[in-house]
Amino acid sequence: KTCTAFAPTPFLSHVGRIDSHMAMAELTPEEQMEVGGKAAFPLNEVFEGVKFPEGKDPEEIFYPYTFSNVIQLDTTATGTMVTKPKSYDEGLKALQTSYIETQGVGSKIPNSEDYQFFGTNRHTENLKYLLKTNPFIASALTKKGLGFELIAFDSEDPNNEDNPTMYRKIMGSFDASSHRVNMKFNSDMEITRIRVYDKGSGILLDRISRCKSNEDAEYWASAAIYSLVTYAQCVHATIHVLHYILTGALDFSSQGFDAMNQWAQAYSTHVPFKYRQVGNILIVPDDVDDPSKKDPSALTGPLGLGLTGVTARPIYQELLNSWVENPNDWFGVLSEISPDEMKKSGVLTEFYKHHDLVPDFAADVAGALRDIDEDKYAVAEERLKDYIKQCGLESSNINTLEDWIKIMSVSGITHGSTISYSRTYATPEILRWRNIASNNWDKNDASFAASIVATVCGMDEHRHVMMNATDKKPLGVTGGPGEDKYADKLQDVLDEYAEKASELKQTYQEKIMEDKEEFNEFGWILSDFCTDGFDGKQLTITTYI
């Protein structure tokens, strides 16, 4: 039995094909994983011109704990899906079981045998919970009176792309075989209307008025979930590019200021390796984006999730530029609804509790580092500002360490919610929309399910956004917090905010477990903001996921 996350996937199958001239036997197991991983995923420039300045590359720190957990996942059963009718779900069920067992995601859940780790087929309810709690998904909403709308196209003119939201822009890059779904919701996020546009045929259908057909509603809710999680994947991949540049920038710029550099390296660990995966799996650079090659990259390839690379890639790069131009309002770049309106409507309640810790966290961490050595702090901060602009992000307004902490923290809190929505790709009712025109699964369906579940493996509990632990460990020890400490003033601030974040998570966790029936069915969505490791969840930067 082959236990590997990579074997059945066309873009991951070459992991471990190491140059035969390398003396692999002389390397430790951790070093072998690093060599193998880097050979499998060459360092591609995801967005043209966005890269580290020549001769100023920071150290690329590999994290073997995460990699070793990923390769435990057994994805071989997904190969049994190929050519079978989409009613066949045994391959996906086996993938789900391997994920649950190898990653230990149920170890902290009481009576986990009753817990639906991948949800149920109640898609209208799943959609409601995702829209109300997941920041990726909620960012696609617009406000309409007392309710909300999900607008994938202009109902009056489906081909009109004037002043679209980020969600509409990305939906507009779906290819001709993909449906676009508009929905209206009441204040409780219940569907009141569905309109569907088939770009290929040009047919516009008014599917539901006041939800008269439950079966129809469930079908189109599954379509909307597919569109939303694919949109979320586009945002998610762009976050990886953002974090790659920003963590590398802080690492390089803080050299010579040991107290800051120790903290910077804890954040930058393994982020470059995940960036390598983005450039080989999700967003393939222009020089290999050739439709004749039938490139299977998820977010730009013609055999991917349904997006067209020539139109989608500039949207992602535009999003990246908008983020660095607005470091103090990172989520506002995505969302059309103000924080006050979200809170008033009961949307993203837990997200904003953590989000609202960030300004004080940024000020206090920056203040602690400034107090440690004001001169070295000033030099590092000025270098950071200039370095980011030299990375092809000339419009950056990340001018201070506080700006850096704010954009990294809010994007990291958002990034943690990747884990829940990614599980939907391992459910047949959602995955079928990758190629809804076909009645049978194909090898790319199997590949995507396997690879995306693999990306949510390897979580290490101490590596959360407001982490107060280091990574340095004795030789041979992987995973868990390090044995050394940060500089005293910095450590005190990190301890304070780690405790504040933990208290929010613990209180929320206890609350969502009060209704056992709701928790067992929708905990896979709700648990994003629980304590670290609960249901395999964590609010984290792009060290993994």
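**Buried sites and packed helices**

With a relative accessibility of 0%, D535 counts as buried (under 20% relative accessible area with a 1.4 Å probe and protein chains only; over 50% is exposed, and in between is partly exposed). The model is a predicted one, in which local features need pLDDT of at least 70 and side-chain atom pairs count only at pLDDT 80 or more, whereas totals for chains, interfaces and linings use all residues. Residues are numbered from 1 along each chain as its sequence is written, and side-chain values rest on heavy atoms, with hydrogens and water left out.

D535 belongs to the segment after helix 21, which spans residues 516-526 (helices are DSSP runs of H or I with at least four residues, strands are runs of E with at least two, and numbering starts at the N terminus). The phi angle of D535 is near 55°, a positive value in a residue other than glycine. Most residues other than glycine have a negative phi. M189 also has a positive phi, of about 65°, although M189 is not a glycine. M189 is situated in the loop between strand 3 (179-185) and strand 4 (191-198), and with 2% relative accessibility it counts as buried.

The protein chain as a whole may now be considered. It contains 21 helices and five strands. Of its 545 residues, 58% count as buried. Among the contacts (heavy atoms within 4.5 Å) between residues at least 6 apart in sequence, 73% join residues at least 24 apart. The mean pLDDT, the predictor's confidence in each residue from 0 to 100, is 88 for the chain, and 90% of the residues reach 70 or more. Over residues 1-22, however, the pLDDT is below 50, and this stretch has 57 contacts in the model beyond near neighbours in sequence. Where pLDDT is low, the predicted coordinates should not be read in detail.

Helix 7, residues 214-253, offers two examples of helix packing, beginning with helix 8, residues 258-268. The axes of helix 7 and helix 8 come within 8 Å and cross at roughly 155° (axes are lines fitted to C-alpha atoms, for helices over the stretch in contact, with angles from 0 to 180 degrees between N-to-C directions). Helix 7 and helix 8 are therefore roughly antiparallel to each other (under 35 degrees counts as roughly parallel, over 145 as roughly antiparallel, 65 to 115 as roughly perpendicular and the rest as oblique). Helix 7 contributes T247, L250 and D251 to this contact, and helix 8 contributes M260, N261, W263, A264, Q265, Y267 and S268.

The second example is the packing of helix 7 with helix 10, residues 309-325, at an angle of about 55° and with the axes 10 Å apart. Helix 7 is therefore oblique to helix 10. On the side of helix 7, C234, V235, T238, I239, V241 and L242 take part, and they meet Y316, L319, L320, W323 and V324 of helix 10.

I239 and L242 of helix 7 are also found in the surroundings of S411. S411 lies in helix 16, residues 401-415. It is buried, with a relative accessible area of 0%. Residues up to four places away in sequence aside, S411 touches I239, L242, H243 and W330.

Loops can also hold buried residues. M81 is found in the loop between helix 2 (64-70) and helix 3 (90-103), and its relative accessible area of 0% makes it buried. Apart from residues up to four places away in sequence, M81 touches Y88, G91, L92, L431, W441 and A446. The C-alpha atoms of M81 and D442 are 7.3 Å apart, although 361 residues separate the two along the chain. T427, in the loop between helix 17 (418-422) and helix 18 (428-431), is buried with a relative accessible area of 10%. Leaving aside neighbours within four places in sequence, T427 is in contact with L92, Q96 and F118. L92 thus appears among the contacts of M81 and of T427.

Two further elements complete the account. Helix 4, residues 123-133, is mostly covered, as nine of its eleven residues are buried; among them are H123, L127, K128 and Y129. K144, in strand 1 (residues 141-144), counts as partly exposed at 49% relative accessibility. The C-alpha atoms of K144 and K184 are separated by 8.3 Å, with these positions 40 residues apart along the chain.
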